[in-house]
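Hi everyone, thanks for coming. I have a few minutes on one model today, so let me put it on the screen and walk you through it.

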There are 2 protein chains.
Amino acid sequence: MSARVESFELDHTIVKAPYVRQAGTQKVGSDGIVHKFDLRFAQPNVTNMTPPVIHTLEHLLALNIREYAEAYDHFEVIDLSPMGCQTGFYLIVNGSAEVSEIIDILEKTLNAGLEYDYVPAATEEQCGQARLHDLEEAKTWMRYWLNQNQKDLEEVY
Amino acid sequence: MSARVESFELDHTIVKAPYVRQAGTQKVGSDGIVHKFDLRFAQPNVTNMTPPVIHTLEHLLALNIREYAEAYDHFEVIDLSPMGCQTGFYLIVNGSAEVSEIIDILEKTLNAGLEYDYVPAATEEQCGQARLHDLEEAKTWMRYWLNQNQKDLEEVY
Ligand SMILES: [Zn+2]
Ligand SMILES: [Zn+2]
């Protein structure tokens with residue numbers, strides 16, 4: 001990462017979504033490290049998620065992925081944010097996580113998300129645009145991800 | 001941050017955009033720290049940026065804010081990502097930065113953005129949705145930010 005934008009150096013025409021990809025590491029302090037992961041749901045320049053779907057997934061993922069990450073004591077979640085291109089999310093963790101570990105906590109998070117019959121924190125107090133949600137279509141994307149083979153999700157190209 | 005979602009605890013009905021807000025800190029390693037900032041452009045639940053504007057701002061900010069951060073040797077940029085609610089961005093830095101320092105580098109980054117007559121890295125190779133950009137409307141939001149008084153940007157409520 002540092003003074004370049006890693007995603008601008010990824011050839012988006014050859015990746016095969018959905019996948020989880022290690023997208024960079026950065027040293028913090030004398031012995032700390034943060035890892036960044038590219039959680040790609042939609043095929044770049046072919047398909048994308050709608051803004052309400054992205055927003056609902058952001059709420060469900062941000063709320064629950066921290067809890068499932070607690071099963072691992074060598075990393076913790078710093079941030080989960082959508083990509084401006086509407087095809088996925090970036091996950092930033094404190095510590096060294098493996099792609100397979102991220103796939104594991106994401107699967108648990110998405111399975112938990114399917115159980116919701118409302119969008120958590122979708123009020124004008126807690127959210128910047130409370131109307132912009134689509135739980136049903138978000139569940140369609142969650143099921144799409146969960147129907148993938150875990151090994152296939154590790155294959156980026 | 002850690003096992004809760006800081007933004008769900010912010011009362012979005014009382015903030016006054018635009019502003020820069022310290023949105024959390026997290027320890028990394030034995031002596032490292034990351035700081036997260038809420039760069040709020042649009043008033044929550046009142047207005048929002050469109051997806052092409054968000055995406056163009058993401059490119060221009062991500063590309064240039066790292067360079068302006070290099071003038072400060074006590075922090076560096078880890079990530080800049082849009083909010084799913086379409087009202088702003090989260091900036092994550094390695095090190096302890098002050099709100100005034102973030103306002104300073106953001107102002108320099110936005111001024112640099114106004115000089116562009118194309119969106120950098122908006123190709124199908126470098127970007128996940130190369131068509132989804134709006135440079136002119138993004139410049140309108142950049143000018144809106146730059147027209148603010150720097151001290152007012154530090155006022156959140
Ligand atoms: Zn929200
Ligand atoms: Zn892009």
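Let's begin at the metal. Along the chain, the donors of the zinc ion (ligand 1) are spaced as H-x3-H-x67-C. Keep in mind as we go that this is a predicted model.

Which atoms are those? The zinc ion (ligand 1) is held by NE2 of A:His55, NE2 of A:His59 and SG of A:Cys127, at 2.1 to 2.4 Å. Two of these donors bring distant parts of the chain together: A:His55 sits in helix α1 (residues 51-69) of chain A, while A:Cys127 lies in the loop between α2 (99-113) and α3 (135-146) of chain A, 72 residues apart.

Now, are these two buried or exposed? A:His55 has 1% relative accessibility, so it counts as buried, given that the cut-off is under 20%. A:Cys127 comes out at 2%, and that counts as buried too.

Let's move over to chain B, and to B:Glu67. This residue belongs to helix α1 (residues 51-69) of chain B. B:Glu67 is partly exposed, its relative accessible area being 48%. From its C-alpha atom to that of B:Met83 is a separation of 22 Å, with the two residues 16 apart along the chain.

Finally, how do the two chains relate? A turn of 180 degrees and a shift of 0.0 Å along the axis lay chain B on chain A with an RMSD of 0.0 Å. That is the relation of a two-fold axis. As for the interface, 100% of the interface residues of chain B are also interface residues in chain A, so the copies meet through the same surface.

That's my tour, thanks for listening!

Methods: Residues are numbered from 1 along each chain as its sequence is written. Chains are lettered from A and ligands numbered from 1 in the order in which they are written. This is a predicted model: local features need pLDDT of at least 70, side-chain atom pairs count only at pLDDT 80 or more; totals for chains, interfaces and linings use all residues. Side-chain values use heavy atoms; hydrogens and water are left out. Copies are superposed by least squares on the C-alpha atoms of residues with pLDDT of at least 70 in both. Contact means heavy atoms within 4.5 Å. Helices (H or I, at least four residues) and strands (E, at least two) are DSSP runs, numbered from the N terminus. Buried means under 20% relative accessible area, exposed over 50%, partly exposed in between (1.4 Å probe, protein chains only). Donors are N, O and S atoms within 2.8 Å of the metal (3.2 Å for Na, K and Ca); water is not among the atoms, so sites may look incomplete.
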